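The exercises below are meant to be worked with the sequence and the coordinates side by side. Each task is followed by a solution that goes step by step.

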Amino acid sequence: MNRETFLEKYLKNFLKRKEIKLNEEAFNTILRELKRFAYNPFGEGVNPAPTADGSYTLIHNKYGEPYHSQTAGAIREAYWKFVKPSRILEKAKKKEVIKILDIGFGLGYNLAVALKHLWDINPSLKVEIISFEKELIKDIPILPEPYREIHKRIISAVPEHEDERLKIKVYIGDARKEIKKVEFNADAVFHDAFSPYKNPELWTCDFLKLIKERIDEKGYWVSYSSSLSVRKSLILLGFKVGSSKEVGRKRKGTVASLKAPVPPMEEEELRKLALSPFAKPMRDENLSKEPLEILIEYLLKVYNYLPQ
Ligand SMILES: C[S@@+](CC[C@H](N)C(=O)[O-])C[C@H]1O[C@@H](n2cnc3c(N)ncnc32)[C@H](O)[C@@H]1O
């Protein structure tokens with residue numbers, strides 16, 4: 001069976017199970033969106049790919065996406081979409097400990113870039129990291145200088161390590177289950193799953209609620225994504241939501257905080273958030289739905305084929 005046939009069968013079974021009747025046009029609309037956006041259940045393995053700043057990333061064949069932006073550059077994305085907008089570099093000057101909650105360890109790039117800059121600012125800073133990853137990659141490309149040593153150190157610290165300056169634990173498994181084992185008060189959350197349509201289980205309002213319970217009131221949740229659905233969920237959960245800057249050809253990201261000030265969004269972004277049918281939360285009430293189920297239910301709401 002190929003991807004297209006699989007998606008069509010999946011949609012038919014889903015509708016039957018939920019006793020949802022769609023007319024032909026509605027069915028074709030949802031199927032078209034699934035074919036455009038859903039992951040490839042038959043995709044396997046990863047392939048290396050260069051990025052604009054000279055570093056390498058990997059492309060994941062199931063998600064059909066790179067781990068980092070190729071057009072922005074992996075290091076530049078890590079710095080400008082995660083490290084800088086999370087404001088941990090400013091906090092590092094005043095605090096003795098910085099706590100990072102890292103959603104999607106991946107290749108460990110965001111963490112390596114964060115540690116390098118944090119320790120440049122305050123060499124005696126203690127950094128505590130809780131990370132989640134369901135699929136650890138064996139041959140991770142090592143970042144170039146000046147991140148090389150720190151990146152190697154992070155990789156060899158997985159899944160668990162503690163010394164005077166670094167405490168890290170990577171929970172291996174589905175983050176939706178693993179996060180419940182953790183109590184934390186993060187200064188920063190690096191939310192770096194694959195994109196919301198491909199990896200919806202990590203972008204639902206219900207998963208974000210678990211993150212809200214583990215972030216400091218003055219902490220910052222940051223992501224490369226500017227998804228309307230994700231921004232809407234954050235707002236519904238009581239976060240203030242703003243934008244981080246574009247990097248290269250990569251669009252703006254999102255910065256959110258419960259109590260600390262966030263950079264403003266542009267008029268156009270606010271308008272879309274208020275009016276677009278896509279500005280609806282993805283839902284996973286028991287944190288156990290299959291990713292495709294989450295995506296189909298979301299699309300049915302977007303196209304108004306379900307009672308709201
Ligand atoms: C974009 S990559 C992360 C890149 C990483 N932050 C870095 O700096 O190298 C997304 C990661 O999320 C992981 N992931 C996807 N779904 C997950 C889930 N349900 N639970 C835990 N990890 C998941 C993927 O395996 C992948 O490694």
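**Exercise 1.** Which residue of strand 11 is the bridge partner of V241? Place this pair within the pairing of strand 11, and then describe how strand 11 is covered.

*Solution.* The model is a predicted one, and the steps should be read with that in mind.

Step 1. The bridge partner of V241 is A256, which belongs to strand 11.

Step 2. The pair is part of the antiparallel pairing between strand 10, residues 240–244, and strand 11, which extends over 5 bridges.

Step 3. Strand 9, residues 215–223, also pairs with strand 11 in the antiparallel sense, here over 3 bridges, and A256 is again involved, as the bridge partner of W221.

Step 4. Strand 11 covers residues 253–257, and 5 of its 5 residues are buried. In a regular strand, side chains alternate between the two faces of the sheet. Sorted by side, G253, V255 and S257 lie on one side and T254 and A256 on the other, and both faces are covered, since every one of these residues is buried.

**Exercise 2.** Determine how strand 7 is paired, giving for each pairing its sense and a pair of opposite residues.

*Solution.* Step 1. Strand 7, residues 166–172, is joined to strand 5 by 7 bridges, and the two strands run parallel; within this pairing S131 stands opposite V170 of strand 7.

Step 2. Strand 6, residues 160–162, pairs with strand 7 in the antiparallel sense over 3 bridges, and here E160 stands opposite K169.

Step 3. The connection between strand 6 and strand 7 is a hairpin, with 3 residues between the two strands.

**Exercise 3.** What is the strand order of the open sheet formed by 3 strands, and why is one side of strand 1 and of strand 3 left without a neighbour in the sheet?

*Solution.* Step 1. The order is 1-2-3, with antiparallel pairing.

Step 2. Strand 1 (46–50) and strand 3 (65–66) stand at the edges and have a single partner strand each, so one side of each lacks a neighbour in the sheet.

Step 3. Strand 2, residues 56–60, is joined to strand 3 by 2 bridges, and H60 stands opposite E65 of strand 3.

**Exercise 4.** Describe helix 11 by its span, its buried residues, its covering and the residue just after it.

*Solution.* Step 1. Helix 11 comprises 12 residues, 291–302, and reaches 17 Å from its first C-alpha to its last, which is close to the 16 Å expected at 1.5 Å a residue.

Step 2. The residues I294, L295, I296, E297, Y298, L299 and L300 of this helix are buried.

Step 3. Helix 1 (3–17), helix 2 (24–37) and helix 9 (228–236) are included in what covers the buried residues of helix 11.

Step 4. Just after helix 11, N304 takes a positive phi of about 65°.

**Exercise 5.** Why does K138 count as exposed, and why is L236 partly exposed?

*Solution.* Step 1. K138, which lies in the loop between strand 5 and helix 6 (148–157), counts as exposed because it has 5 C-beta neighbours inside 10 Å, and the cut-off for an exposed residue is 12 or fewer.

Step 2. L236, in helix 9, has 13 other C-beta atoms within 10 Å and is therefore partly exposed. Leaving aside neighbours within four places in sequence, L236 is in contact with C205 and P281.

Step 3. As for distances, the C-alpha atoms of K138 and P50 are 18 Å apart, the two residues being 88 residues apart along the chain, while those of L236 and K280, 44 residues apart along the chain, are separated by 9.9 Å.

**Exercise 6.** Which residues come nearest to the ligand, and how does the shell around the ligand divide by residue character?

*Solution.* Step 1. Of the 20 residues around the ligand, G104, G106, L107, N110 and A175 come nearest.

Step 2. The shell divides into 9 nonpolar, 5 polar and 6 charged residues.

Step 3. Helix 5 (109–121) and strand 5 (126–133) each contribute at least two residues to this shell.

**Exercise 7.** Summarise the overall architecture of the protein.

*Solution.* Step 1. The protein has 11 helices and 11 strands, and buried residues make up 42% of its 308 residues.

Step 2. The radius of gyration is 19 Å, in agreement with the value near 19 Å for a compact globule with 308 residues, and the C-alpha trace spans about 65 × 40 × 40 Å along its principal axes.

Step 3. Among contacts between residues at least 6 apart in sequence, 68% join residues at least 24 apart.

Conventions
Residues are numbered from 1 along each chain as its sequence is written. This is a predicted model: local features need pLDDT of at least 70, side-chain atom pairs count only at pLDDT 80 or more; totals for chains, interfaces and linings use all residues. A residue is buried if 20 or more other C-beta atoms lie within 10 Å of its own, exposed if 12 or fewer, and partly exposed in between; C-beta atoms are placed from the backbone. Helices (H or I, at least four residues) and strands (E, at least two) are DSSP runs, numbered from the N terminus. Two strands pair if DSSP finds at least two bridges between them. A residue is near a molecule or strand if its C-beta atom, placed from the backbone, lies within 6 Å of it. Ala, Val, Leu, Ile, Met, Phe, Trp, Tyr, Cys and Pro count as nonpolar, Asp, Glu, Lys and Arg as charged, and the others, Gly among them, as polar. The radius of gyration is taken over C-alpha atoms; the globule rule is 2.2 Å times the number of residues to the power 0.38. Two residues are in contact if their C-beta atoms, placed from the backbone, lie within 7 Å. The expected span of a helix is 1.5 Å times one less than its number of residues.
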